[in-house]
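Dear colleague,

I am handing over the structure we spoke about, and you will find it just below. My notes on what was found in it follow, written for someone who has not looked at it before.

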Amino acid sequence: MYKNLKITVVIPCLNEEQGIEQVLRRMPGFVDETIVVDNASTDRTAEIAQSLGAIVIREDVRGYGRSYKKGFSLATGDVIVTLDGDHSYPPDAISYLLEAFLHLEADFLNASRFPVRDRHAMSFKHKFGNLVLSIAMSMLFFRWIRDSQSGMWVFRRAILERMKLESDGMAFSEEIKIEALLHPTARFEEISILYTSRLGEIKLNPWRDGFQNLFFLLKKRFARG
Ligand SMILES: Nc1nc2c(ncn2[C@@H]2O[C@H](COP(=O)(O)OP(=O)(O)O)[C@@H](O)[C@H]2O)c(=O)[nH]1
Ligand SMILES: [Mg+2]
């Protein structure tokens, strides 16, 4: 519990045996429920997560968005916090984010990875791709978003009810932010966190995922009218 709110952390994992161990070891004690969605990993991700006290659920079909949707459907907290299983987002920042979430009276708080302070955390190509995607989203949805691709969010579980989350892939990250922005009553806020280099192998395919996410943005904007 954090100030009378039940906190659920949801972590999607595809072969993150190295990262998930560090993430779970650093999970703050006030977190009530940690759900690891094992996306058909072929390494020891599930065993390790289970041994460290997480609720492990398996999603056999690969996909970042698909994993999140499954995790959210089982979450029982008032507030859901997300992060990657690769130890690139700091679990120590959860209390800081919750404080900001409450102080700003937000319903959806996006943790921006920018400015990146750790030289090894993100390549120039990745920074550039992220900037292009964030500018595109900001222009299409009339609101400045510094990090449309961040995987760390804090939100009230109740707002999921009125969100239309269709993406099963990497575009899920921008989609949930768009749905929060367009939500009739939810307040969207964004603050910076310290992002560091991941453990284990990167699962993102920069060109494929980058273009798919850009295309998804356009579809989401213009299909809505
Ligand atoms: N790309 C990808 N990531 C997945 C999938 N299922 C779960 N994940 C997890 O989603 C997170 C994001 O992937 P990552 O490679 O860190 O991408 P990045 O943080 O955008 O560079 C990691 O914790 C992955 O283990 C999947 O099918 N595809
Ligand atoms: Mg990552």
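What radius of gyration would a compact globule with 225 residues have, and what does the chain have? Please keep in mind throughout that this is a predicted model. For 225 residues a compact globule would have a radius of gyration near 17 Å, and the chain has 16 Å, so the value agrees with that of such a globule. The C-alpha trace spans about 45 × 40 × 35 Å along its principal axes, and 43% of the 225 residues count as buried. Among the contacts with a separation of 6 or more, 76% are made by residues 24 or more positions apart.

As to secondary structure, the chain has 7 helices and 7 strands, and reading along the sequence gives the pattern β-α-β-α-β-α-β-α-β-α-β-α-β-α.

A good place to begin is strand β1, which covers residues 7-13 and is mostly covered, with 7 of its 7 residues buried. Ile7, Val9, Ile11 and Cys13 point one way from this strand, while Thr8, Val10 and Pro12 point the other way, and all of these residues are buried. On one pairing, β1 is joined by 6 bridges to strand β2 (residues 33-38), and the two run parallel; within that pairing, cysteine 13 has aspartate 38 of β2 as its bridge partner. Together with helix α1 (residues 17-25), β1 and β2 make a right-handed β-α-β unit.

Strand β1 also pairs with strand β4 (residues 79-82), again in the parallel sense, over 4 bridges. Here threonine 8 stands opposite isoleucine 80, and valine 10 stands opposite threonine 82. Both faces of β4 are covered, since Val79 and Val81 on one side and Ile80 and Thr82 on the other are all buried. β4 pairs in turn with strand β6 (residues 153-156), but in the antiparallel sense and over 3 bridges, and the bridge partner of valine 79 in β6 is arginine 156.

Next comes the ligand. Which residues are closest to ligand 1 among those that surround it? Ligand 1 is surrounded by 18 residues, of which the closest are Leu14, Asn39, Arg62, Asp84 and Lys203. The elements that give two or more residues to this shell are β1 (7-13) and α3 (64-74), so that the strand described above appears again here. By character, the residues of the shell divide into 7 nonpolar, 5 polar and 6 charged.

Finally, one residue outside these strands may be worth a look when you open the model, namely glutamine 50, which is found in helix α2 (residues 45-51). Is glutamine 50 buried, exposed or partly exposed? Glutamine 50 has 15 other C-beta atoms within 10 Å and is therefore partly exposed, because a residue counts as buried with 20 or more such atoms and as exposed with 12 or fewer. The C-alpha atom of glutamine 50 is separated by 8.7 Å from that of valine 36, and these two residues are 14 apart along the chain.

With kind regards

Conventions
Residues numbered from 1 in each chain as written. Chains lettered and ligands numbered in written order. Predicted model: local features only at pLDDT ≥ 70, side-chain atom pairs only at ≥ 80, totals over all residues. Rg over C-alpha atoms; globule rule 2.2 N^0.38 Å. Contact = placed C-beta atoms within 7 Å. Near = placed C-beta within 6 Å. Nonpolar A, V, L, I, M, F, W, Y, C, P; charged D, E, K, R; others polar. Pairing = 2+ DSSP bridges. Right-handed = clockwise from strand over helix to strand, strands pointing away.
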